[in-house]
Amino acid sequence: MIALEYPDLLEALLPAESAGNTFAVADPATGEILGRVTNNDVAAARAAIQSASAAQPAWAAHPALARGRILRRLAELLLQHQNDLALILTREQGKPLSEARGEIAFAASFFEWFAEEGRRAYGEVIPAPQGDKRLLTIRQAAGVAAAITPWNFPVSMLARKAAAALAAGCAMVIKPAEQTPLSALALARLARNAGLPDGLLPVITADRDNTPAIGEEFCRNPAVRVLSFTGSTRVGRQLIAQSADSVKRLALELGGNAPFIVFGDADLDAAVAGALVSKFRNAGQTCVCANRILVHESIFDTFAEKFVAAAARLKVGNGLDAGVEQGPLIDARALEKVQALVDDAIDKGARLLLGGKPHALGRTFYEPTVLTDVTPAMRVFQEEIFGPVAPLIRFSSETEAAELANATEAGLAAYFYSRDAQRIFRFAEVLQYGMVGINSAMISLPEAPFGGIRQSGLGREGARLGLEEYLDVKYLCIGQDQ
Ligand code: ADP
């Protein structure tokens, strides 16, 4: 169990020995079973959608200011319970406690942002081509939304979706990742404490076996008007296909494969520090983390030396322990995948500069790893690694850097380091990515639009645009036809 200041946050967590329709939640750092939660089925998902449909019109009819007050209160509660929430997050997900605390603050920032942004769901008055007509648009809540959220940021990804949906006047049915249901349950509990009416934010926990059918229900149920998903491109494609019959509006944040490009004119120490945080934060289990580090040949050797030295100093361990910078991977499947990618790269000619195998701590801990001589033929170049493995790639010209950077199907985040003002604009325009960090490795903010192009997804979260996903535009034409 988890010792909390405010135990009610985990009222839905059942003892580890409970029987019945439940599944276990484990701590990836120790293997300890933290307890069990309800294993819901399709019928439960359907019932939650029905209750959400019943509750949503009254919520949409609430003035945006009143909705915003509840969301702001929720932001305050998240910060008030930051210690408990961070502890829950670290126990079920594995990330260092300092990162977990940061995630709770980040989650709160979305409720704070959308509490205000909901008040700006403006319509338009459009100049008419004829004097006897008046044309205008209004924006209205789309209805019930559903969300399928990932395990890598179980609190903030849920917050980024739910804050926008609730601010717009929608209800949102949540299916959290099976590895991290407790964070979602705790957030929903605080939403209730903040005064959110019943039925608007149900959390449908389910294990890996029950999940696909619930996902399919979210796609096919005509009462769900918007489906928001963050996860793998593989599952995203499946959700698109299943949503065809109900013509669902989809907001998809799928896999990334971020290039991190260091030009010869970069501030080298800033680039090393940026690459380190981008690559190893959350043990590399981040869709916007540096997946391929491209370095100009003029500084390659110096960069590699400094980067390897810094990566070698990272403290790996249980996220609860002071000073730990890299926790375990989420589960055994993740460890297997990371090792398979490293083995594939070495088979095809890459060289290890650091790590390359499971960590001596055992379980799912993996050594911070750096590979060099990486080529586009290797899986580490083409696929999202989702682990603490940094492939280094040498380039000799800006054109080559652009070609290598764009040579995958993904288009989520990209980063580059340069001090040349001309290049900064020129290169940012060439990158086929939805987000570009320039001399900055930490780009996610509630004010900024998060999202990808190409096969990294559809739509944007956060920012002004994030609200649009949950609003319908209605055009009103007033006048006479003659
Ligand atoms: P994985 O954990 O297998 O890599 P994802 O990262 O895509 O898969 O998981 C993100 C979310 O998608 C999680 O909440 C997971 O439960 C959910 N999910 C997995 N498979 C499906 C599916 N077939 N339909 C709907 N949701 C799914």
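# Ligand site, pockets and cavities

Four helices and strands, namely α7, β7, α8 and α11 (332–347), each supply at least two residues of the lining of the largest pocket. This pocket belongs to a predicted model, and the ligand sits in it. The briefing below treats the largest pocket, the ligand, the second largest pocket and the cavities in turn.

**The largest pocket**

- The volume of the largest pocket is about 1200 Å³.
- Its lining consists of 47 residues. Those that lie nearest the centre of the pocket are G231, S232, T233, R234 and V235.
- Which element gives the most to this lining? Helix α8 does, with 7 residues.
- Sorted by class, the lining of the largest pocket holds 18 polar, 16 nonpolar and 13 charged residues.

**The ligand and its surroundings**

- There are 20 residues around the ligand, and the ones that come nearest are T149, K175, E178, S232 and R234. Of these, S232 and R234 are also listed among the residues that lie nearest the centre of the largest pocket.
- Two contacts involve oxygen atoms of the ligand. A polar backbone atom of T149 is 2.7 Å from an oxygen atom of the ligand, while S232 places a polar side-chain atom 2.6 Å from an oxygen atom of the ligand.
- A further contact involves nitrogen: an N or O atom in the side chain of Q238 is 3.3 Å from a nitrogen atom of the ligand.
- How much of the ligand's accessible area does the protein cover? On its own the ligand has 540 Å² of accessible area, and the protein covers 88% of this.
- Three elements give two or more residues to the shell around the ligand: α7 (211–220), β7 (224–230) and α8 (233–242).
- Helix α8 gives the most to this shell, with 4 residues. Helix α8 also gives the most to the lining of the largest pocket.
- The shell around the ligand is made up, by class, of 8 nonpolar, 7 polar and 5 charged residues.

**The second largest pocket**

- The second largest pocket has a volume of about 440 Å³.
- Its lining numbers 22 residues, and A188, R192, L201, P202 and V203 lie nearest its centre.
- Strand β2 (33–38) and helix α6 (181–193) are the elements that give two or more residues to the lining of this pocket.
- Helix α6 gives the most, with 5 residues.
- By class, the lining of the second largest pocket comprises 14 nonpolar, 4 polar and 4 charged residues.

**The cavities**

- How many cavities of 30 Å³ or more does the structure hold? There are 2 of them.
- The largest cavity contains about 40 Å³ of space. It is lined by 13 residues, and the closest to its centre are K95, P96, N282, A283 and G327.
- The classes in the lining of the largest cavity are 6 polar, 4 nonpolar and 3 charged residues.
- The second largest cavity has a volume of about 30 Å³. The residues that line it are F114, R160, K161, A164, R460, E461, G462, G466, E469 and Y470.
- Helix α5 (residues 156–168) provides the largest share of the lining of the second largest cavity, namely 3 residues.
- In this lining, 5 residues are charged, 3 are nonpolar and 2 are polar.

How values were computed: Residues are numbered from 1 along each chain as its sequence is written. This is a predicted model: local features need pLDDT of at least 70, side-chain atom pairs count only at pLDDT 80 or more; totals for chains, interfaces and linings use all residues. Side-chain values use heavy atoms; hydrogens and water are left out. A residue is near a molecule or strand if one of its heavy atoms lies within 4 Å of it. A polar contact is a pair of N or O atoms within 3.5 Å; within protein, one must be able to donate a hydrogen and the other to accept it, and residues adjacent in sequence count only if both atoms are side-chain atoms. Accessible areas come from the Shrake-Rupley method with a 1.4 Å probe; for residues, only the protein chains shown count as cover. On a 1 Å grid over the protein atoms alone, a cavity is a set of points where a 1.4 Å probe fits but cannot get out, and a pocket is an open set with protein on both sides within 12 Å along at least five of seven lines; lining residues have an atom within 4 Å of a point. A molecule sits in a cavity or pocket if more than half of its atoms lie within 2 Å of its grid points. Ala, Val, Leu, Ile, Met, Phe, Trp, Tyr, Cys and Pro count as nonpolar, Asp, Glu, Lys and Arg as charged, and the others, Gly among them, as polar. Grid points are joined across faces, edges and corners, and a volume is the space filled by probe spheres set on the points.
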